[in-house]
Amino acid sequence: MLHCAFQAVKKSIQAYVTRAGGSVVEVQLPFPLISEEEIIKEFKKGLEKGKENGKRIRLAIIDHITSMPCVLIPVGKLVKICREEGVDQVFVDAAHAIGSVKIDVKEIGADFYVSNLHKWFFCPPAVAFLHCRKSNLSPDIHHPVVTHEFGNGLPIESAWIGTRDYSAQLVVPSVLDFVNRFEGGIDGIMERNHDQVLKMGRMLAESWGTNLGSPPEMCVGMVMVGLPSRLKLLSEEDALKLRGHLRVYFGVEVPIHYQASKDDGEGGARDKDGIITGYARISHQVYNTLEDYEKFRNAILSLVEEKKVCKMLLTE
Amino acid sequence: MSLSHNFSHFLFKIETFFLNHHQFSIFVHPHGPHLQTLKRSNFSSFSGHNNTNMNGTDTKPTTHLPKKPKLSQTLISDSEIQSEFSHHDSTIARINNGSFGSCPQSIISAQQRWQLKFLRQPDHFYFNRLQKGIIESRQVIKSLVNADHVDEISIVDNATTAAAIVLQSVSWAFSQGKLKEGDGAVMLHYAYGAVKKSVEAYVTRAGGYVIEVQLPFPVASVSEIVDEFKKALERGKKNGRKVRLAVIDHITSMPSVVIPVKELVKICREEGVDQVFIDAAHGIGCVDVDVKEIGADFYTSNLHKWFFCPPSVAFLYCRKSSNVNDLHHPVVSHEYGNGLAIESAWIGTRDYSAQLVVPQVLDFVNRFEGGIQGIKKRNHDVVVEMGKMLAKAWGTHIGCPPEMCASMIMVGLPACLGISSDSDTLKLRTHLRDNFSIEVPIYYRAPKDGEVNLVTGYARISHQVYNKPSEYYKFRDAINQLVHDKFTCALLK
């Protein structure tokens, strides 16, 4: 799995793989990065490590869009490499994907592909789909909450997991109607989100004298924008502090990522004051306006002007 | 509302409060002139009792949770009750509260307010509101069931999920060698279908051996149940096997009977059963639940069936003890390893609103005379009365003595209806729904060797606060009509 895989997924691997006796190989995601080649290179290294000493790789878990830092991964290419290298099964965690990037599960070719519909596809919390390519192993995939439908195939099992509110799952057709009210439907929305978030990202990077964490083609409706190094964002706690401070004191809601600089200082981006160790993951969705990003720009500018550093920021 | 209006409202509440409590504190909202309308939860005791938060450290003062409403508070009226349930389909005789429960309008509104809070600013809700809300709900449940510690109360979607959690831990124990192949689980033959499948998925599949306790039905006394249970435990222990887990319903689903769980748990302890799991899907709001007294290791109950919560919310009680398996929620989040209660409180982005309205539901039931105790008693008395009325009208019988019923009762259907299979019961149920606007589940009781002309079908009727006698008369008349028309299930193809 990627070392920046979503924390819940990492814990799930611990709970279900490590606990059962399996070993886990983490693939480092270079960040900031310039091209997807860097990812492919690291991934191949990870596979080699996994196959050391005649070991077998039973499962590769690959994010389609990583969470933090947020980057679009070339999953199709990585799945192909997995097949070539004899990986048993590939599971793509595409939590952000639908409504964010074009999805063709056949083209991607993974065994399992999951995406949330409440993130970028306007569904209420919460609903996601799990695509399972038909295989000999399909009958063995079960929903952990077992009902009288046990054994009737995962879609049937998942469709009844006891009395609960299924309404979020039932509005999906209405959501399709909703997105089709926009020009170009979901494709148009995706394209405009991508263009706008890049535009805003560049605007912020320019205002702050920083950078974007990845090239445009590796962003979707989100982009990582470097934060001024003068803010001295030097830990996970600093990132949380800044996030809380922005929420409470500036009315800005944006997640912040701490990117540790490498020891040799290579590969890290710099601004005029030092190494950039903090990134904001901004997003653009149909409800956003220019003012949202200007508010954020001004907030950071005023923090820098007042010579604030993360450690001293209040969050209440 | 103007400040003065609020203030006189405030004083009125203080006055009525004086009448009912010897000891009190007056709590005025610290954030300025806007005095909140005082509700039960505002009468906090500032004597130093502290809530524990999710991490076990002290937070704000404890909420006093009296089990009965204030005497002079206006009780909910009949028309208010009807209005609270006006969203029910009024054309239907709704005498199946057991399947899906019911939820009053004021709780639906409370739920919507929680949903909108989240949608308005989800990050703020996640960081600052959700955890507090869940722990408040857990505190309410802990008090209702007499658990020792709030850590023992986890909130999950439904009893089916709770069963998966308990059974998955058994599965792990098998795969980790803690349990040997052939070790057994005991469950009632009338265990709920989902639970049976869960036992198959997590116990049988892992190498365990399952014994079903055959329960007599109709049943005349608890001793019949106790005897069969003892016999099953003996079978489980044959050939040096160990019984690792007993899964016992507090109230079976179909046929519905109240099981003497306290006595069965005692027997389990005497006979060396490792762990006991009580599936009380129908428990809270239907039958008295005192988890300490019952003494099981695990106890689960839905709150949306008989405790007026929206779909869906349940609790899983896990007695604090060193013997308890490592229980985990099957959906693993970053909270993995922090204890089941904490794991269950965050299983990824979803709508937690049904879990957050529990304190509001407590307020709702306390608008009734005697609170939830009063509701339970009245439900029981009326359902027994209606059951006897129907049995008399049809010339049949009720399936168990009144003391083995809670808010549901099994009523025999005339033998001439020719109910001769499980699929007949579904067909008849559909027929009653489509042609008579009656919603009631039907149970098929297969005849044993040598029995003839028996009652083979039983209807499980229920009573909840929204029911009216006319609904039961409608059912009575419908069956009489079918009998008169010489209807048999064989006609329903």
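Where is the place of A:Asn288 in chain A? I looked this up in what is a predicted model, and I found A:Asn288 in the loop between strand E9 (278–283) and helix H10 (290–305) of chain A.

**Entry 1, surroundings of A:Asn288.** I next asked whether A:Asn288 counts as buried or exposed. Its relative accessibility is 17%, and because buried means under 20%, I noted A:Asn288 as buried. I then went through the polar atoms of its side chain and found that one of them lies 2.8 Å from the backbone nitrogen of A:Gln285. The side chain of A:Asn288 is also joined to that of A:Asp292, by a polar contact of 3.0 Å. When I set aside the neighbours within four places in sequence, I was left with A:Ser283 and A:Tyr293 as residues in contact with A:Asn288.

**Entry 2, the helix pair H2(A) and H3(A).** I turned to helix H2 (residues 36–50) and helix H3 (residues 75–84), both of chain A, and recorded that they pack at an angle of about 25° with their axes 11 Å apart. Angles under 35 degrees count as roughly parallel, so I described H2(A) as roughly parallel to H3(A). The crossing in which H2(A) passes H3(A) is right-handed.

**Entry 3, residues of that contact.** Which residues of H2(A) meet H3(A)? From H2(A) I listed A:Glu36, A:Ile39, A:Ile40, A:Phe43, A:Lys44 and A:Leu47, and these meet A:Lys77, A:Leu78, A:Ile81 and A:Cys82 in H3(A). Sorting the residues of this contact by character, I noted seven nonpolar and three charged, with no polar ones.

How values were computed: Residues numbered from 1 in each chain as written. Chains lettered and ligands numbered in written order. Predicted model: local features only at pLDDT ≥ 70, side-chain atom pairs only at ≥ 80, totals over all residues. Heavy atoms only, no water. Axes fitted to C-alpha atoms, helices over the stretch in contact; angles between N-to-C directions. Helix = DSSP H or I, 4+ residues; strand = E, 2+ residues; numbered from the N terminus. Parallel < 35°, antiparallel > 145°, perpendicular 65-115°, else oblique. Left-handed = near helix turned anticlockwise from the far one by under 90°. Contact = heavy atoms within 4.5 Å. Nonpolar A, V, L, I, M, F, W, Y, C, P; charged D, E, K, R; others polar. Buried < 20%, exposed > 50% of the residue type's maximum accessible area, 1.4 Å probe, protein only. Polar contact = N/O pair within 3.5 Å; in protein donor to acceptor, adjacent residues only side chain to side chain.
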